Amino acid sequence: MPYHLNFGFVWLHFDRLLSGLALSLSMAALAIAIGVAIGLALAVAHVSGSKATRAAISAYVEIFRNVPLLLLVYFVFYGIPTEFDIRYGATASFVATLAIYAGAYLVEVFRAGLAAVPMGLIEAGKAIGLTPWQRLLHVRLPTMLRISLPALGNTFVSLFKDTSVAAVIAVPELTFGAQWINLNSFRVVEVFSVITLMYLGTGYAMLRLMRLVERRFSVNRT
Amino acid sequence: MSPGFAAMLDALPFLWRGLLVTLSVSALVVVLSLVAGAVLGLMRVYGPPVLQPAVQAFSDIVRGIPVLVLIFFVFYGLPVVGLQVNSFTSAVLALAIFSTAQVTELARGALQSIHHGQNEAAKAIGLTFGQRMASVILPQAARRFLPAWVNSVTDAVKGSALVSLIGVGDLMMAIQQVIGRTYQALPLYVLGGAIYFAINYGLSLLSRHCEQRLSYYQARE
Amino acid sequence: MAATPVVSIRGLWKSFTDTPVLKGVDLDVHRGEVVTIIGPSGSGKTTLLRCFTLLETSDGGGGTMDGVEVGYRDDGGERVPRSERELAPIRAETGMVFQMFYLFPHLTALQNVMLGLVKVRRMARAEAEEAAAAWLKRVGLADRMQHLPSQLSGGQQQRVGIARAVAMAPKVLLLDEITSSLDPSLVDEVLAVVRSLAEEGRTMILVTHEMAFARNVSDRIVRMAQGTIVADGAPGEVLDGVVPSPSGRGLG
């Protein structure tokens with residue numbers, strides 16, 4: 001039975017996809033912001049902390065990188081409320097989950113960036129009499145950020161794509177919107193093609209943005 | 001014995017069956033994507049110039065969308081174009097496509113990271129294309145490919161959790177079903193998480209071990 | 001009486017993205033001659049070697065080895081470029097040693113030298129191993145045969161590179177700035193090997209900056225500048241400026 005393409009239903013309900021995309025982006029942005037804060041703090045703590053601190057941070061990273069995001073989402077949205085009698089909405093629950101998940105990946109990006117700061121720059125900092133804290137703030141972190149930009153860009157796009165998992169707890173983001181259209185019209189190919197383009201386009205835009213940021217800040221690369 | 005702990009113990013045989021499904025999905029995906037990805041990677045680097053952009057486009061598009069979207073696309077899309085497949089097959093197909101795109105990128109990276117001087121030195125002693133690939137390029141590329149590839153294997157295992165959403169009776173679905181019966185959500189999620197963790201962390205330790213053993217080849221270039 | 005030159009290059013042109021690097025080069029090298037090519041960087045010396053060994057495709061002209069055209073064949077009167085398959089055995093007849101060595105890092109020194117013997121010369125493994133071992137002994141690495149390149153010094157790696165090229169019994173040996181990447185203290189051991197090969201009567205084309213060595217070991221020196229040959233004669237003539245070089249750049 002030949003399949004005839006018909007985008008009618010999709011265009012009729014395109015607003016669901018647009019608002020879904022907006023929600024996906026907002027959730028990603030919020031989770032990334034929190035995740036960056038976690039990642040930076042823990043990366044610095046890892047480098048300057050005790051063995052116990054390092055072990056705890058490694059445990060956090062390994063747990064959240066080796067367990068499926070889906071399970072984490074369920075754990076936070078269903079598991080915790082059932083056990084501790086708290087309530088929160090699906091969106092808030094997902095953002096919190098994704099933020100902690102993001103933190104685990106970003107710690108690694110920032111750690112690698114920090115390790116890649118050329119020894120020469122740090123020694124130059126020492127030579128002009130900067131204290132360790134000043135060296136961290138004025139030499140190592142700024143340099144680390146410039147070095148990490150490409151990896152950060154890729155991680156951010158990855159986290160944006162991960163917002164699709166929110167659909168399983170009925171958060172009205174992009175994939176959820178597409179599923180609604182799919183289940184109400186069976187225009188599978190049409191709707192999923194459209195959101196494929198939307199995900200690809202957004203991801204591409206994010207990477208271009210990162211490249212612009214890179215160019216502005218990567219002035220002198222020794 | 002607390003109800004949570006009891007629930008965990010009772011659930012074990014049921015979870016075991018789900019785990020077997022998870023492992024079989026993952027194993028099939030890994031094997032299929034390794035073969036397909038290696039072929040596409042070789043094609044991307046050494047194949048006819050007309051095909052190279054097509055392979056790159058495939059890889060970029062598939063890697064640019066969420067795994068869940070791909071799973072839904074395949075699961076709902078195949079029947080609509082006339083192919084009736086069960087959810088297990090859809091799941092394996094979708095994950096295999098996703099993993100193949102990843103493996104293609106890894107293979108491309110590994111092949112292109114071999115310094116062009118290696119190919120030239122091999123040409124200089126008169127080796128043909130096939131001999132150069134077999135004796136010089138592939139042995140070196142394989143060493144660089146392996147650690148990164150083990151990471152894509154853990155991605156496949158994590159991705160397999162999503163197939164519970166299209167009705168495949170994997171570990172994730174087993175967890176959900178036990179919770180549905182016993183209402184002991186937290187302990188079951190913790191148990192399930194521990195099982196996934198054991199598998200993936202084990203694999204990542206393997207990857208690190210491989211990297212250490214093979215890194216001494218990276219010395220002089 | 002001039003026998004057919006081993007190497008005969010005529011009218012070789014090569015450009016890289018609109019910049020001409022070789023502008024019509026002619027060069028003959030006869031059996032047993034050692035020819036050294038000197039000149040400033042960018043003069044086309046390395047490109048000349050690479051075009052001859054077909055690591056690059058020239059844009060015009062060509063070369064022959066013992067009278068047989070290297071890059072093209074005669075297809076019913078038409079000059080047709082040779083396919084990759086055809087080029088392999090021709091490349092086996094030219095031995096090339098590279099500035100950056102390019103040893104195969106996953107193979108031992110012995111295996112590096114054996115590879116061509118087994119796969120191209122079709123020798124039996126045992127025979128190839130014997131021959132390779134003999135060559136490694138010859139270049140002074142008898143005790144390093146089972147070492148990987150990462151376990152060898154630069155000078156040792158280059159000597160393996162020479163053994164790898166020479167073991168193939170090529171008609172002509174091409175040595176492209178083989179000491180330029182070496183620590184100064186390691187240069188002499190490599191030059192000693194080259195000298196002993198030259199004294200055996202091998203046909204060799206060298207590109208080098210080691211002027212004293214070039215004067216010592218060469219039968220002829222060819223000076224290149226900006227893509228053409230500007231001087232071609234005995235070492236004394238070319239190096240001591242008897243044959244004037246248009247750029248007026250003096251010695252070296």
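The dialogue below discusses a predicted model and asks how its descriptions are justified.

Trainee: Why is B:R213 called exposed?

Mentor: A residue counts as exposed if 12 or fewer other C-beta atoms lie within 10 Å of its own. B:R213 has 12 other C-beta atoms within 10 Å, and is therefore exposed. The residue lies in helix α8 (residues 185–214) of chain B.

Trainee: How far is B:R213 from B:F197, in sequence and in space?

Mentor: The two are 16 residues apart in sequence, and their C-alpha atoms are 24 Å apart.

Trainee: What makes α1(B) and α4(B) oblique to each other?

Mentor: The axes of helix α1 (residues 3–46) of chain B and helix α4 (residues 87–112) of chain B cross at roughly 40°. Angles under 35 degrees count as roughly parallel, and 65 to 115 as roughly perpendicular. The angle of roughly 40° falls in neither range, so α1(B) and α4(B) are oblique to each other. Their axes come within 6 Å, and α1(B) passes α4(B) in a right-handed crossing.

Trainee: Which classes of residue form the contact of α1(B) with α4(B)?

Mentor: That contact comprises 17 nonpolar, 7 polar and 2 charged residues.

Trainee: Why, then, are α3(C) and α5(C) called roughly parallel?

Mentor: Helix α3 (residues 109–119) of chain C and helix α5 (residues 154–166) of chain C have axes that cross at roughly 25° and come within 8 Å. Angles under 35 degrees count as roughly parallel, so α3(C) is roughly parallel to α5(C). The crossing of these two helices is right-handed.

Trainee: Which residues make the contact between α3(C) and α5(C)?

Mentor: From α3(C) come C:A109, C:N112, C:V113 and C:G116, while α5(C) gives C:V160, C:A163 and C:R164. By class, the residues of this contact are 4 nonpolar, 2 polar and 1 charged.

Trainee: How do you know that the radius of gyration of chain C agrees with that of a compact globule?

Mentor: For 252 residues, a compact globule would have a radius of gyration near 18 Å; chain C has 18 Å, so the two agree. The C-alpha atoms of chain C fill a box of roughly 50 × 50 × 40 Å along the principal axes. Buried residues make up 46% of the chain. Of the contacts in chain C with a separation of 6 or more, 64% are between residues 24 or more positions apart.

Trainee: What secondary structure do chains B and C contain?

Mentor: Chain C has 8 helices and 12 strands. Chain B has 8 helices and 0 strands, and its pattern along the sequence is α-α-α-α-α-α-α-α. The C-alpha atoms of chain B fill a box of roughly 75 × 45 × 25 Å. Of the 221 residues in chain B, 46% are buried.

Trainee: Which pair of chains shares the most contacts?

Mentor: Chains A and B do, of the 2 pairs of chains in contact. Their contact takes 33 residues from chain A and 30 residues from chain B. On the side of chain A that touches chain B, the elements giving two or more residues include α3 (51–66), α7 (132–162) and α9 (188–217) of chain A. That side has 20 nonpolar, 9 polar and 4 charged residues.

Trainee: How do you know that chain A and chain C do not touch?

Mentor: Contact requires C-beta atoms within 7 Å. No contact joins chain A and chain C, and their nearest C-alpha atoms are 23 Å apart.

Conventions. Residues are numbered from 1 along each chain as its sequence is written. Chains are lettered from A and ligands numbered from 1 in the order in which they are written. This is a predicted model: local features need pLDDT of at least 70, side-chain atom pairs count only at pLDDT 80 or more; totals for chains, interfaces and linings use all residues. Helices (H or I, at least four residues) and strands (E, at least two) are DSSP runs, numbered from the N terminus. The radius of gyration is taken over C-alpha atoms; the globule rule is 2.2 Å times the number of residues to the power 0.38. A residue is buried if 20 or more other C-beta atoms lie within 10 Å of its own, exposed if 12 or fewer, and partly exposed in between; C-beta atoms are placed from the backbone. Ala, Val, Leu, Ile, Met, Phe, Trp, Tyr, Cys and Pro count as nonpolar, Asp, Glu, Lys and Arg as charged, and the others, Gly among them, as polar. Axes are lines fitted to C-alpha atoms, for helices over the stretch in contact, and angles run from 0 to 180 degrees between N-to-C directions. Angles under 35 degrees count as roughly parallel, over 145 as roughly antiparallel, 65 to 115 as roughly perpendicular and the rest as oblique. A crossing is left-handed if the near helix is turned anticlockwise from the far one by less than a right angle, and right-handed if clockwise.
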